[in-house]
Amino acid sequence: MEHRKYVIIGNSYAGVFAIEAIRRHDKEGDITVVSRETYHAYARAAIHEYMDGIIGDSQMYYRDRDFYERHRVTTILGRAVTGIEPRENKVVLDNRQKVGFDRLMISTGGIPITPPIEGSAGPGMFTFTTWDDAKILRDWVKKQKEPRAVVIGGGLIGLQCAEGLKHMGVDVTIVELADYVLVKALDQLAAHRVQKWLEKNGLKIITGSTVESVNRVKGVVTGVKLKNGEKLKCNTVVLSIGVRPNTGFTEGSGIKLSRGILVDNGMQTNIEGIFAAGDVAEAEDFLRKRQDVIPIIPVATMQGKIAGSNMTGKKRAYPGGLPQNAFQFFGKNTVSIGNVIYIDKNDGFEEIIRDEGDVYKKAVLQYGKLVGILSMNYITRIGIYNSIIRARMDISGIKDKILSDNFGFLDLPEGFRDEMLTKPG
Amino acid sequence: MKVVYPREQWCVACNLCEVACITEHSKTKDPLKAYLTEKPRPISRTRVEYKPPLAVSIMCRHCEEAECVEACKNGTLTRNEITGRIELNQDKCLGCWMCVMACPYGVISQFTKDDRPVANKCDLCPNREIPACVAVCPNRALVFEDRG
């Protein structure tokens, strides 16, 4: 095998899995990781728990301290990539240094969307996607005599940040533009339940509005004014309306973008030898059969693994991403897998709902096949639904059983069970 | 690598595998004490499904492409590069249940350790040559095999 130079931009979930996949198939090649952050790979999805002190440093590191040495990876940390020169096979760093590659993977993730809000420039405004963001926000809040925060955006990141702040004793109000929170993961009924639970735990939530301006007195944040005219007093504003793929540095490189970097089912971009994975990549959506960015951990890691493998020449195809998330607020759990929101009865969709006390479960079928599952406060064995969705099998015959608490493999066709239980996983 | 496979045609839902699993993962290694006095009471890492006339016992398959490892937020779940086994470090676990969501076999369960929510799953009994559930099964409805 030729001696290859692999360069990976980004040091998070996709990057780590790409490193592991490359080393599985190529023991000799050079691997270099470039990251604008200075940290060893860490758990980006746990920064809210780090902020409020529930977890410490040891739980934040995603891999052992000797991970890079064991995989013989050269790290260039604290450096951003500012450009790519595909004709020369080089990436350009923010100190003008150039790093050559034979195979490149872009896994630069997402960056917070920061719309121009009047008065937003200056101290007291925060975003919340990196470890440093969490540290900076924590330190700021601790300095406030009466910490009061407005979190703009009731998506997953906004709500997790709000919970973390609440645990720190901050008075928190969430402002969400949509009619309910978590619009991407939940249906309206589930979202209302989550919202009530959050309110019961002391968070204030305003829906159907957004922040129009941030008020400052001598530069210090004193409050925000909402579109609906309402005014809220606060000294801290967190902007978490969403992230967009971090692709700015690809300008002029010829790499094709849509919302994210477009990749084929080998995770390769339109330029041979350049791959992309994770929240920056736009790859096939398993259910909808079209390209989309699905910014979740299992998609990032799987894409990283497949990209890494293909970079070594060991061919692997991406089976398509399936949106899914597990999250908890103040101890209550929710899992959402696949499509639980879009339901068109004219296109073969059907929902099955079980709503008993604390537990709310919903299955969504399309032409008899399971395409989505939502479950609140009962998530035992929920992953089985993941394999049913992936198997695209007709389950209309067992519709009445699918949401029962003791639903399992014995309710499923023998052929499927055999395939699952008698063969290596 | 060797993992535990169920043979459903031989399973009679006697649940001895669950008892053996709980005992093996208890502090006292005594089934009665493990069930009655240990706090937290260990939970079985295999689960017997019983829908007469069918029965089957299911636990972690230590997948080649482990979806739990791919979903894990902070590296609590990893593959041991030497043994190939999927290991779960409860001291590190955040109880985020991404693995519970991802596992296609539904065999990662929720547990409480030192008042923290943590994931729990089959570790193939690292201190035994043959996992406790396989050793105890009276019908050879569980086998420890390499089906590569």
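Which residues does A:Gly78 touch, not counting residues up to four places away in sequence? In this predicted model, A:Gly78 touches A:Ser35, A:Arg36, A:Glu37 and A:Thr38. The place of A:Gly78 itself is in the loop between β3 (73–77) and β4 (81–85) of chain A, and with a relative accessibility of 29% the residue counts as partly exposed. The C-alpha atoms of A:Gly78 and A:Val34 are 8.0 Å apart in space, although 44 residues separate the two in sequence.

From this loop we can turn to the place where the two chains meet. Chain A gives 50 residues to the contact and chain B gives 43, and the area buried between them comes to about 3,700 Å², with carbon and sulfur atoms giving 52% of that area. On the side of chain B, the residues that lose the most area to chain A are B:Glu70, B:Lys73 and B:Met101, which together account for 20% of what that side buries.

The interface also holds charged and polar pairs. Between chain B and chain A there are eight salt bridges, one of which joins the side chains of B:Glu65 and A:Lys305, with N and O 2.2 Å apart. Polar contacts across the interface number 27 residue pairs, counting pairs in which both residues have pLDDT 80 or more. The elements of chain B that give two or more residues to the side touching chain A are the strands β1 (2–6), β2 (47–51) and β3 (54–58), along with the helices α3 (67–71) and α4 (98–102). Sorted by class, that side of chain B has 22 nonpolar, 14 charged and seven polar residues.

Helix α4 of chain B appears again in the surroundings of a helix of chain A. Helix α9 of chain A, residues 383–391, is largely enclosed by the rest of the structure, because seven of its nine residues are buried. The buried residues are A:Gly383, A:Ile384, A:Tyr385, A:Asn386, A:Ser387, A:Ile388 and A:Ile389, and they pack against β22 (324–329), β23 (332–338), β26 and α10 (414–421) of chain A together with α4 of chain B. After α9 of chain A comes A:Arg392, with a positive phi near 45°.

That backbone angle leads to other places where the chain takes a less common course. Most residues other than glycine have a negative phi, and most peptide bonds are trans. A:Tyr367 has a positive phi near 45° and is not a glycine; this tyrosine is found in the loop between β25 (359–366) and β26 (369–376) of chain A, where its relative accessibility of 54% makes it exposed. B:Cys125, also not a glycine, has a positive phi of about 50° and sits in the loop between β7 (116–120) and α5 (132–136) of chain B, but B:Cys125 is buried, with a relative accessible area of 6%. Chain B also contains cis peptide bonds: the one from B:Lys39 to B:Pro40 has omega near -5°, and the one from B:Pro52 to B:Pro53 has omega near 5°. B:Pro40 belongs to the loop between α2 (31–36) and β2 of chain B, while B:Pro53 lies in the loop between β2 and β3 of that chain.

B:Cys125 also brings up the matter of cysteine pairing, for the structure holds zero disulfides over all chains. The sulfur of B:Cys125 is the nearest cysteine sulfur to that of B:Cys21, yet it is 6.4 Å away, and B:Cys21 is buried, at 8% relative accessible area. B:Cys122 forms no disulfide with B:Cys60 because the distance between their sulfurs, 5.6 Å, is too far for a bond, although B:Cys60 holds the closest cysteine sulfur. B:Cys122 is likewise buried, with a relative accessible area of 8%.

Salt bridges, finally, reach beyond the interface, and over all chains their count comes to 36. In chain A, A:Asp66 pairs with A:Arg70 at 3.2 Å between the closest N and O atoms, and A:Lys423 meets A:Glu419 at 2.8 Å. A:Asp66 is partly exposed at 33%, and A:Arg70 is partly exposed at 38%. In chain B, the side chains of B:Glu145 and B:Arg147 form a salt bridge at 2.9 Å, N to O. Elsewhere, salt bridges with shared partners link A:Arg259, A:Asp285, A:Arg288 and A:Asp292 into one network.

How values were computed. Residues are numbered from 1 along each chain as its sequence is written. Chains are lettered from A and ligands numbered from 1 in the order in which they are written. This is a predicted model: local features need pLDDT of at least 70, side-chain atom pairs count only at pLDDT 80 or more; totals for chains, interfaces and linings use all residues. Side-chain values use heavy atoms; hydrogens and water are left out. Contact means heavy atoms within 4.5 Å. Buried area is the accessible area (1.4 Å probe) that two parts lose on being put together, summed over both. A salt bridge is a side-chain nitrogen of Lys or Arg within 4 Å of a carboxyl oxygen of Asp or Glu. A polar contact is a pair of N or O atoms within 3.5 Å; within protein, one must be able to donate a hydrogen and the other to accept it, and residues adjacent in sequence count only if both atoms are side-chain atoms. Helices (H or I, at least four residues) and strands (E, at least two) are DSSP runs, numbered from the N terminus. Ala, Val, Leu, Ile, Met, Phe, Trp, Tyr, Cys and Pro count as nonpolar, Asp, Glu, Lys and Arg as charged, and the others, Gly among them, as polar. A disulfide is a pair of cysteine sulfur atoms within 2.5 Å. Buried means under 20% relative accessible area, exposed over 50%, partly exposed in between (1.4 Å probe, protein chains only).
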